[in-house]
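Colleague: I have a model open here and would like to go through it with you. Could you take me around it step by step?

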Amino acid sequence: MPIARILLVEDDDDIRALVIRVLSGAGFAVEEAPSGARAMEAAADTRPDLAIVDLGLPDMDGLAVVRELRQHLRCGVIILSGRSDPMERIIGLEVGADDYVPKPFEPRELLARVKSVLRRLEPAGPDRPAAPTAAAPPPGSAPATAAAPDGGGPVYHFDGWTLDSRAHILIRPDGGHEDLTTGEFTLLLALVERAGRVLSRDQLLDATHGHNTPAFDRSVDVQIARLRRKIQRDPDAPPVIRTVRNAGYLFAARVTRG
């Protein structure tokens with residue numbers, strides 16, 4: 001089975017060499033790009049499964065690179081940046097990043113987050129690259145829903161929408177496909193699987209990132225807001241994802257499976 005392809009967009013030679021050494025040592029295939037222009041070329045050539053993008057590039061803003069990747073590719077995105085302003089993290093998640101790792105960083109933490117994002121991509125198959133190592137479900141997490149008899153994952157229906165957990169797609173009531181980032185899809189699946197239950201931010205972080213992968217707490221709020229904009233088409237209708245004050249979030253729509 002081919003291993004996952006990672007595009008590293010970083011202009012600092014020392015950091016780039018460190019990240020390449022860590023990821024290559026873990027068995028990943030790494031393509032490096034020291035600039036935004038080179039990143040666009042490499043992305044078109046290699047079609048990466050995941051991109052790690054620095055925001056402070058010499059020729060363009062890293063957020064623009066993230067937007068371009070999201071527009072043209074279906075891959076995970078991790079922002080790696082020395083910008084410490086919390087608003088930068090929120091903006092990064094808003095434009096489609098799955099995670100945000102601030103500099104300076106611990107190489108093992110970056111590797112753990114890379115593996116976490118890759119696990120949240122669509123399930124590996126004969127034509128889909130996979131992370132070099134598999135991880136067991138985090139202790140205490142909700143058990144996975146049983147797969148369908150044909151080996152595929154379950155399909156959920158709510159308010160005319162269809163969420164296919166195996167194909168990793170969300171189908172609108174009109175039959176079109178709604179574009180979701182890896183993080184948005186994983187979060188929506190966690191909510192749908194636990195419909196009618198109030199889930200705290202910590203529970204949602206555990207369900208989407210795992211106990212051993214720290215995540216920026218506001219990432220849940222940002223992704224919830226983005227999901228609402230995508231699936232709540234009628235502003236006058238009861239909210240599909242409800243905020244429960246001082247408790248968390250609840251998926252309020254009726255969910256059926258099959």
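Modeller: Let me begin with a term we will need later: contact means that heavy atoms lie within 4.5 Å, and the angle between two elements runs from 0 to 180 degrees between their N-to-C directions. Please also keep in mind that this is a predicted model.

Colleague: Okay, so where does helix H6 lie, and at about what angle to E7 does it run?

Modeller: Helix H6, which covers residues 182-193, lies across E6, strand E7 (161-164) and E8, and its direction is at about 105° to E7.

Colleague: And what order do the strands of that open sheet come in?

Modeller: The open sheet has 5 strands in the order E9-E8-E7-E6-E13, and their pairing is antiparallel. Strand E9 (177-178) and strand E13 (256-257) stand at the edges with a single partner strand each, so one side of each has no neighbour in the sheet.

Colleague: How many bridges are there between E8 and E9?

Modeller: Strand E8 (residues 169-171) pairs with E9 in the antiparallel sense over 2 bridges, and Ile 171 has His 177 in E9 as its bridge partner.

Colleague: Changing topic, how many aromatic pairs does a search of the whole structure find?

Modeller: The search of the whole structure finds 1 aromatic pair. The ring centres of Phe 158 and Phe 251 are 5.0 Å apart and the planes are at 85°, so this pair is edge-to-face. The pair links distant parts of the chain, since Phe 158 belongs to strand E6 (residues 155-158) and Phe 251 to strand E12 (residues 248-251), 93 residues apart.

Colleague: Is Phe 158 buried or exposed, and why?

Modeller: Phe 158 counts as buried because its relative accessibility is 1%, where buried means under 20%. Phe 251 also has a relative accessibility of 1% and therefore counts as buried.

Colleague: Let's go to the start of the chain. Which strands does E1 pair with in the parallel sense?

Modeller: E1 and strand E2 (residues 29-33) are parallel and pair over 5 bridges, with Ile 6 standing opposite Val 30 in E2. E1 also runs parallel to strand E3 (residues 50-54), to which 4 bridges join it, and there Leu 8 has Ile 52 as its bridge partner.

Colleague: What kind of unit do E1, helix H1 and E2 make?

Modeller: Together with helix H1 (residues 13-25), E1 and E2 make a β-α-β unit that is right-handed.

Colleague: Last one: how many of the residues in E1 are buried?

Modeller: In strand E1 (residues 5-9), 4 of its 5 residues are buried, so to speak of the strand as mostly covered is fair.

Technical notes
Residues are numbered from 1 along each chain as its sequence is written. This is a predicted model: local features need pLDDT of at least 70, side-chain atom pairs count only at pLDDT 80 or more; totals for chains, interfaces and linings use all residues. Side-chain values use heavy atoms; hydrogens and water are left out. Buried means under 20% relative accessible area, exposed over 50%, partly exposed in between (1.4 Å probe, protein chains only). Two strands pair if DSSP finds at least two bridges between them. A crossover is right-handed if, with the strands pointing away from the viewer, the path from the first strand over the helix to the second runs clockwise. Rings of Phe, Tyr and Trp (its six-membered ring) pair if their centres lie within 6.5 Å; planes under 30 degrees apart count as stacked, over 60 as edge-to-face and the rest as tilted.
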